Amino acid sequence: MSRYAVNSLLYRLKKDPEFRARFGADPLAAIADADLSADERAAFAARDMRRINELGGYLHLVLSIPGLAVHPPRH
Amino acid sequence: MGRIVFAAAMSHVLDPDYYERVCGAVGRRKTDEAMAAIAAMGERFSATGADALVVVADDHLNAFSFNCVPAICVRIGRDVPRMRQDHAEAFDAVLEHMPISYPLHEALANAILEQGTAAGFDLALSWEAPVDHAFLAPVNTMHGTRPIPPLVPIWINCFVAPQPTARRCFAFGQHIARVVARGDWNVGIIATGGLSHFPELSVARIGDTDSVFDGRLIHWMERGEHEPLQALSGDELHKSGSHEFLNWMVLLGAVSPARAEVRYFGELPRINLAAVEWNLA
């Protein structure tokens with residue numbers, strides 16, 4: 001698991017609209033250079049923020065990335 | 001001689017629309033109630049005519065990226081902007097309706113920083129970091145349309161392990177009290193965040209809160225019993241979703257042994273909303 005790589009990617013997705021757009025068009029190409037495990041890469045490719053959180057992605061990032069934020073069930 | 005003339009702590013996602021979306025009508029109602037209590041505290045703060053308001057809060061990975069996460073950081077300079085986020089989601093969206101710039105109390109911020117370093121606190125400093133909802137939702141809710149006095153924003157790393165200890169945060173609050181006493185200013189201090197929510201920072205546990213743990217915190221705060229609070233471990237705070245109580249620990253150090261008076265406590269499935277004020281008489 002590469003906690004830094006996962007979270008720096010999440011941070012960039014939140015703060016860099018151009019990178020977010022490239023990710024939206026082709027996630028695997030956008031993260032090709034990132035130092036991720038196979039599980040992490042698959043979670044990003046699937047835009048699965050819940051899984052990314054399980055893999056060490058910070059909660060406040062996975063809740064707040066425009067267009068990608070996880071929306072837990074209403075309580 | 002300066003004085004701390006006001007002290008309060010409160011939740012900082014103060015957005016009835018957000019809590020209605022995630023909790024239904026009860027979410028809106030309880031958020032409205034909490035905000036009314038915070039606004040009333042703000043009226044009492046404004047009546048003190050304080051020269052500055054110290055705001056102790058946390059960053060939600062907005063101001064600081066992964067190139068540096070300071071344990072304790074003092075914002076210096078002459079003004080501070082609110083965070084800007086394109087296509088803001090969730091708790092970021094509430095910022096869009098708030099003023100974009102806030103004056104700082106440069107002299108008090110510098111005194112906390114410089115005297116802190118001299119006293120053995122290895123504080124970080126920032127001239128540029130913006131502030132997010134953790135600072136601005138409480139400040140704007142307290143003040144409404146009244147003028148906001150110069151701020152001293154202080155960040156505590158509540159989320160990125162390893163965090164500072166509860167005891168260290170309390171000691172830093174004692175330092176703030178000493179700086180204020182040496183100065184010439186009347187100062188308010190608020191701490192924001194909490195109470196229990198987002199245990200273990202896990203998406204799977206969103207919706208869990210720990211009201212029993214919150215009850216213990218309130219019990220000790222109401223009685224001015226601050227030793228057991230300083231003994232809280234990082235693991236306890238993480239498992240109970242009380243990460244942001246580290247901000248409250250700074251305030252407790254600044255006002256100890258004053259006793260807390262709960263102005264509002266409302267349980268929601270997402271969070272226990274709270275507004276607490278300290279009796280400084």
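How far does the backbone oxygen of B:V139 lie from a polar atom of the side chain of B:H143? The gap is 2.8 Å, and you can look for it in the first close-up of this predicted model.

**Figure 1. B:H143, a buried residue in helix α4 of chain B.** Helix α4 covers residues 133-143, and B:H143 is part of it. With a relative accessibility of just 1%, B:H143 falls under the 20% cut-off, so it counts as buried. Setting aside residues up to four places away in sequence, B:H143 touches B:F45, B:S46, B:L53, B:I148 and B:P149. Now try finding B:C158: it sits 15 residues from B:H143 in sequence, while their C-alpha atoms are 26 Å apart in space.

**Figure 2. B:S240 and its polar contacts in helix α8 of chain B.** B:S240 has a relative accessible area of 3%, so this serine is buried too, given the 20% cut-off. Zoom in on its side chain and you'll find a polar atom 3.4 Å from the backbone oxygen of B:L237. The B:S240 side chain also makes a polar contact with the side chain of B:S242, at 2.9 Å. Once neighbours within four places in sequence are left out, B:S240 is in contact with B:S196, B:H197, B:P199, B:D210 and B:F213.

**Figure 3. The largest pocket, with helix α8 of chain B in its lining.** This pocket has a volume of about 420 Å³. It is lined by 24 residues, and B:F159, B:A161, B:Q163, B:L201 and B:H238 are the closest to its centre. Helix α8 (residues 234-240) of chain B gives the largest share of the lining, 3 residues. Sorted by class, the lining has 11 nonpolar, 11 polar and 2 charged residues.

**Figure 4. The second largest pocket, lined by residues that include A:H71 and B:Y18.** Here the volume is about 210 Å³. The lining has 14 residues, and the closest to the pocket's centre are A:H71, A:P72, B:Y18, B:R21 and B:V22. By class, you get 9 nonpolar, 1 polar and 4 charged residues.

**Figure 5. Two of the cavities inside the model.** The structure holds 3 cavities of 30 Å³ or more. The largest cavity has about 110 Å³ of space. Among its 15 lining residues, B:V13, B:Y19, B:F91, B:H197 and B:F198 lie nearest the centre. That lining divides into 6 nonpolar, 7 polar and 2 charged residues. The second largest cavity has a volume of about 90 Å³. Residues lining this second cavity include B:D59, B:W155, B:C158 and B:F159. By class, its lining has 9 nonpolar residues, along with 1 polar and 1 charged.

**Figure 6. The largest nonpolar core and one of its well-connected members, B:W278.** In soluble globular proteins, nonpolar side chains tend to be buried together. The largest core here has 135 residues, and those touching the most other members are A:F44, B:I112, B:I154, B:M221, B:F245, B:W248 and B:W278. Helix α9 (residues 245-255) of chain B supplies the largest share of this core, with 9 residues. Take a closer look at B:W278: leaving aside neighbours within four places in sequence, its contacts include B:A7, B:A8, B:A9, B:M221, B:W248, B:L251 and B:R259.

Methods
Residues are numbered from 1 along each chain as its sequence is written. Chains are lettered from A and ligands numbered from 1 in the order in which they are written. This is a predicted model: local features need pLDDT of at least 70, side-chain atom pairs count only at pLDDT 80 or more; totals for chains, interfaces and linings use all residues. Side-chain values use heavy atoms; hydrogens and water are left out. On a 1 Å grid over the protein atoms alone, a cavity is a set of points where a 1.4 Å probe fits but cannot get out, and a pocket is an open set with protein on both sides within 12 Å along at least five of seven lines; lining residues have an atom within 4 Å of a point. Grid points are joined across faces, edges and corners, and a volume is the space filled by probe spheres set on the points. Helices (H or I, at least four residues) and strands (E, at least two) are DSSP runs, numbered from the N terminus. Ala, Val, Leu, Ile, Met, Phe, Trp, Tyr, Cys and Pro count as nonpolar, Asp, Glu, Lys and Arg as charged, and the others, Gly among them, as polar. Buried means under 20% relative accessible area, exposed over 50%, partly exposed in between (1.4 Å probe, protein chains only). Contact means heavy atoms within 4.5 Å. A polar contact is a pair of N or O atoms within 3.5 Å; within protein, one must be able to donate a hydrogen and the other to accept it, and residues adjacent in sequence count only if both atoms are side-chain atoms. A nonpolar core is a set of buried Ala, Val, Leu, Ile, Met, Phe, Trp, Tyr and Cys residues joined through side-chain atoms within 4.5 Å.
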